[in-house]
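Morning, everyone. I have one structure to go through today, and I will start with a spot on its surface before moving inward.

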Amino acid sequence: MWAVCAEAQLRLPSILFGEGYTLAASTADPVAPAVAPDVEKQRSRPTPDELRLRNTGLIAAGALLVGAYGMSQWWDDDSSGGFRTENEGWFGQGTKHGGADKLGHAYFAYGGARLFSEAFEAVGNDPGRARTLGFWASLAITTAIEVVDGYSQQFGFSRQDATMNLVGAGLGFLMGRYPDLDRLVDFRLQYKRSSGSDWDPAGDYSGQTYLLVGKATGVPALREHSVLRYFELAVGYGTRGYETAGAERQRNLYYGISLNLSEVLRQTVFRGAKERSGAQRATDLFLELIQVPGTAALARHQL
């Protein structure tokens, strides 16, 4: 007596149906093999030429946006006709902006590296390459700005500014490279337009406060605490009065607590999500870079 296995399958002639089709013993319909996930992922990847074009487009778009902002806010056709350098110092009381401009260079290079890294990954680069491209793109654009400043009558090329560009872009690379560090620390800007100034987050130094924030969600012992996970410790620096003739010049240290809005949203709007959506990734990145006004209670110590 012959035993027939219920799992038996008949292979159909390849000349009729092509390779890989089988016929289950219980049906006459051909069954196509499932496409392996790795094969499907490989098919969706851009070709090297497509990726090169996308990367070039991202860098060009970033450079054009920054250049347009600079022309409207900083340079205003005041080219000196020759390149010059200027030794601006660091954070001293007698420096041009009390050091707020130095933190500004670090911050915007840092933010550029983080934003570019996300964009490069979104267009098809693997995470490691995206971080590297983000670092170099941010450093190249901020250094180009400094070179343009060298031909400006108002500014001049500053080696201190160039150094802080490198520091900021490097910090952005490290944050992406080490997720535990990124979960623990944020580098943020809190901006409120100063009196008598135009809305200029990058150049209105009296309206800027730069904060280094330690998040409870980055500490394993606090991450699951029902209350403490929503809070952060913040220290910061900002100057006031350096752009206004006759005003009191202040260099201020800030310290206090702030609210982790990313965690609030994770526990409410995005609660239950199996993985982070594009909207959540964008929101998290924004809140890593920006301290929303009214979400921090800060004490001030004047230097």
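Where is the place of Leu 228? Leu 228 sits in the loop between helix H8 (220-223) and strand E6 (231-240). Keep in mind that this is a predicted model.

Is Leu 228 buried or partly exposed? Its relative accessibility is 39%, so Leu 228 counts as partly exposed. Leu 228 also belongs to a nonpolar surface patch of about 450 Å². The other members of that patch are Val 227, Phe 231, Leu 233 and Ile 257.

Now the second largest pocket. About 900 Å³ of space lies in this pocket, and 38 residues line it. The residues nearest its centre are Asp 182, Arg 183, Arg 276, Asp 284 and Glu 288. Several elements give two or more residues to the lining, including helix H4 (100-122), helix H5 (127-150), helix H6 (159-177) and helix H7 (179-184). Strand E4 (185-191), helix H9 (261-267) and helix H10 (278-289) are also among them. Which element gives the largest share? That is H10, with 6 residues. As for the kinds of residue, the lining has 17 charged, 12 nonpolar and 9 polar residues.

Next, salt bridges. How many does the structure hold? There are 16 salt bridges, and I will take a few of them.

Let me go back to Asp 182, one of the residues nearest the centre of the pocket. The side chain of Asp 182 meets that of Arg 114 in a salt bridge, at 3.2 Å from N to O. Arg 114 is in helix H4 and Asp 182 in helix H7, so this pair ties together parts that are 68 residues apart in sequence. Are the two partners buried or exposed? Arg 114 has a relative accessible area of 8%, so it is buried. Asp 182 comes out at 14% relative accessibility and therefore also counts as buried, the cut-off being under 20%.

A second bridge joins Asp 186 and Arg 188, with 2.9 Å from N to O. Asp 186 is buried, at 2% relative accessibility. Arg 188 is buried too, with a relative accessible area of 4%.

The third one is in helix H9, which also contributes to the pocket lining. Here Glu 263 forms a salt bridge with Arg 266, and the closest N and O atoms are 2.8 Å apart. Both residues lie in H9, 3 residues apart, which is about one turn of the helix. What about their exposure? Glu 263 is buried, with a relative accessible area of 5%, whereas Arg 266 is partly exposed, at 35%.

There is also a network of salt bridges, which links Glu 88, Asp 101, Lys 102 and Asp 161.

One last residue, then. Where does Asn 260 lie? Asn 260 is in the loop between strand E7 (250-259) and H9. With 4% relative accessibility, Asn 260 counts as buried, whereas the loop residue I began with, Leu 228, is partly exposed at 39%. The C-alpha atom of Asn 260 is separated by 8.7 Å from that of Thr 217, and the two residues are 43 apart along the chain.

That is what I have for today.

Methods. Residues are numbered from 1 along each chain as its sequence is written. This is a predicted model: local features need pLDDT of at least 70, side-chain atom pairs count only at pLDDT 80 or more; totals for chains, interfaces and linings use all residues. Side-chain values use heavy atoms; hydrogens and water are left out. On a 1 Å grid over the protein atoms alone, a cavity is a set of points where a 1.4 Å probe fits but cannot get out, and a pocket is an open set with protein on both sides within 12 Å along at least five of seven lines; lining residues have an atom within 4 Å of a point. Grid points are joined across faces, edges and corners, and a volume is the space filled by probe spheres set on the points. Helices (H or I, at least four residues) and strands (E, at least two) are DSSP runs, numbered from the N terminus. Ala, Val, Leu, Ile, Met, Phe, Trp, Tyr, Cys and Pro count as nonpolar, Asp, Glu, Lys and Arg as charged, and the others, Gly among them, as polar. Patches are made of residues with over 30% relative accessible area and no salt bridge: like charges are joined within 9 Å, nonpolar side chains (Val, Leu, Ile, Met, Phe, Trp, Tyr) within 5 Å. Accessible areas come from the Shrake-Rupley method with a 1.4 Å probe; for residues, only the protein chains shown count as cover. A salt bridge is a side-chain nitrogen of Lys or Arg within 4 Å of a carboxyl oxygen of Asp or Glu. Buried means under 20% relative accessible area, exposed over 50%, partly exposed in between (1.4 Å probe, protein chains only).
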